[in-house]
Amino acid sequence: MKPTQEQPQHSDRKSRSTGVVVPNTPRWYQQMAAWLIFALLRGLASTLRYQWNDRSGFFQGATEPVIFCVWHNRLAISLIVYRDFICRGGRNPKLAAIVSASKDGGIVARILEHFNVQPVRGSSSRRGPQALLELTSWAERGYDLAITPDGPRGPRYVVQPGVISLAQLTGLPIVPVTYHFRWKIAMRSWDRFQIPLPFSSGVLKLGAPIEVPRDASEEHRESIRQRVESCLRELTVD
């Protein structure tokens, strides 16, 4: 299914009739920047060498949707990891990913569309409940979901409760995902965003699936949140 296009808006606003927040859509120069970033990522990925460490045991012929949970600073090649590794065994590459409703998020959303990924605009501060409902709708259509549990503002490597709410609402398991490359650039952003250098070698890691019961109490939800965070931290090497 081709990603749907939202109507252009120059800034976040609320509809006067519904109160629904409308996310930013990139302008023409932002769309050009998104295409350039997409092309650079494709070129970079073609030079990288990988080892595969799948602790999940989940993708041996399984086709049921899951929620992929990846740190914000590992976004650079996460879509290529999904397409070229997770889906290479025959899994249908259908993915919906949450993206900030901000102006910068508009560029990221356009990059996702170039990868044939359905962007869902929202975060803890903007369109959070709306985005949760939209993600649930895509899950019902058989799409995998992707979320950065410490984004878009951090703190780094701290799982926020949104991914737990999503898993509880959809009934889908959470699969922690991360990777590590020997040669990389770490940006001076809050998350120390990582960009692998060309011809670097790395390890791609998937953790065991984690489920959230639909009737989980607040105490149980917090226990699972800590479990997801511990698993991702254990898998992560900086």
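Biologist: Is the crossing of α5 and α6 left-handed or right-handed?

Modeller: Happy to start there, and please keep in mind that this is a predicted model. The two helices pack with their axes 10 Å apart, at an angle of about 115°. As for its hand, the crossing of α5 and α6 is right-handed.

Biologist: Which residues of α6 meet α5?

Modeller: Let's begin on the α5 side, where Ile-164, Ser-165 and Gln-168 take part. By class, the contact between these helices has 3 nonpolar, 2 polar and 2 charged residues. The partners in α6 are Arg-221, Ile-224, Arg-225 and Val-228.

Biologist: Which residues in α5 are buried?

Modeller: Good one to check on the structure. Gly-171, just after α5, has a positive phi of about 80°. Within α5 itself, the buried residues are Val-163, Ile-164, Leu-166, Ala-167, Gln-168 and Thr-170.

Biologist: Is Thr-136 buried or exposed?

Modeller: First find Thr-136 in helix α4. Not counting residues up to four places away in sequence, Thr-136 touches Leu-166, Leu-169 and Thr-170. Its relative accessible area is 13%, and the cut-off for burial is under 20%. Thr-136 is therefore buried.

Biologist: Which element supplies the largest share of the largest nonpolar core?

Modeller: This core has 28 residues, and those with the most contacts inside it are Ile-67, Leu-145, Val-163, Ile-174 and Val-228. At least two residues each come from β4 (67–70), α4 (128–140), β7 (144–147), α5 (162–170) and α6 (218–235). The largest share, 5 residues, comes from α6.

Biologist: With which residues is Ile-67 in contact, leaving aside its neighbours within four places in sequence?

Modeller: Ile-67 is one of the residues with the most contacts inside the largest nonpolar core. Leaving those neighbours aside, Ile-67 is in contact with Leu-145, Ile-147, Val-163, Leu-166, Ala-167, Thr-170, Leu-172, Pro-173, Ile-174 and Val-175.

Biologist: How many residues are in the second, separate core?

Modeller: You can look for Phe-38, Leu-41, Leu-95 and Leu-112, which are included in it. This second core is separate, and its size is 25 residues.

Biologist: Why does Ala-97 count as buried?

Modeller: Ala-97 lies in strand β5 (residues 95–99). Leaving aside neighbours within four places in sequence, Ala-97 is in contact with Leu-112, Val-117, Gln-118, Pro-119, Val-120 and Ala-146. Buried means under 20% relative accessible area, and Ala-97 counts as buried because its value is 8%.

Biologist: What separates the C-alpha atoms of Ala-97 and Trp-138?

Modeller: Along the chain, these two residues are 41 residues apart. In the model, their C-alpha atoms are separated by 9.7 Å.

Biologist: How are α1 and α3 placed relative to each other?

Modeller: The axes of helix α1 (residues 28–45) and helix α3 (residues 103–114) come within 9 Å and cross at roughly 50°. The crossing is right-handed. An angle of this kind is neither under 35 degrees nor in the range 65 to 115, and α1 and α3 are therefore oblique.

Biologist: Which residues of α3 make the contact with α1?

Modeller: On the α1 side you will find Gln-30, Gln-31, Ala-34, Trp-35, Ile-37 and Phe-38. By class, this contact has 6 nonpolar, 3 polar and 2 charged residues. From α3 come Lys-103, Ile-107, Arg-110, Ile-111 and His-114.

Biologist: What percentage of the protein chain's residues count as buried?

Modeller: The chain has 6 helices and 11 strands. Of its 238 residues, the buried portion is 49%.

Definitions and conventions:
Residues numbered from 1 in each chain as written. Predicted model: local features only at pLDDT ≥ 70, side-chain atom pairs only at ≥ 80, totals over all residues. Heavy atoms only, no water. Axes fitted to C-alpha atoms, helices over the stretch in contact; angles between N-to-C directions. Helix = DSSP H or I, 4+ residues; strand = E, 2+ residues; numbered from the N terminus. Parallel < 35°, antiparallel > 145°, perpendicular 65-115°, else oblique. Left-handed = near helix turned anticlockwise from the far one by under 90°. Contact = heavy atoms within 4.5 Å. Nonpolar A, V, L, I, M, F, W, Y, C, P; charged D, E, K, R; others polar. Core = buried A, V, L, I, M, F, W, Y, C linked by side-chain atoms within 4.5 Å. Buried < 20%, exposed > 50% of the residue type's maximum accessible area, 1.4 Å probe, protein only.
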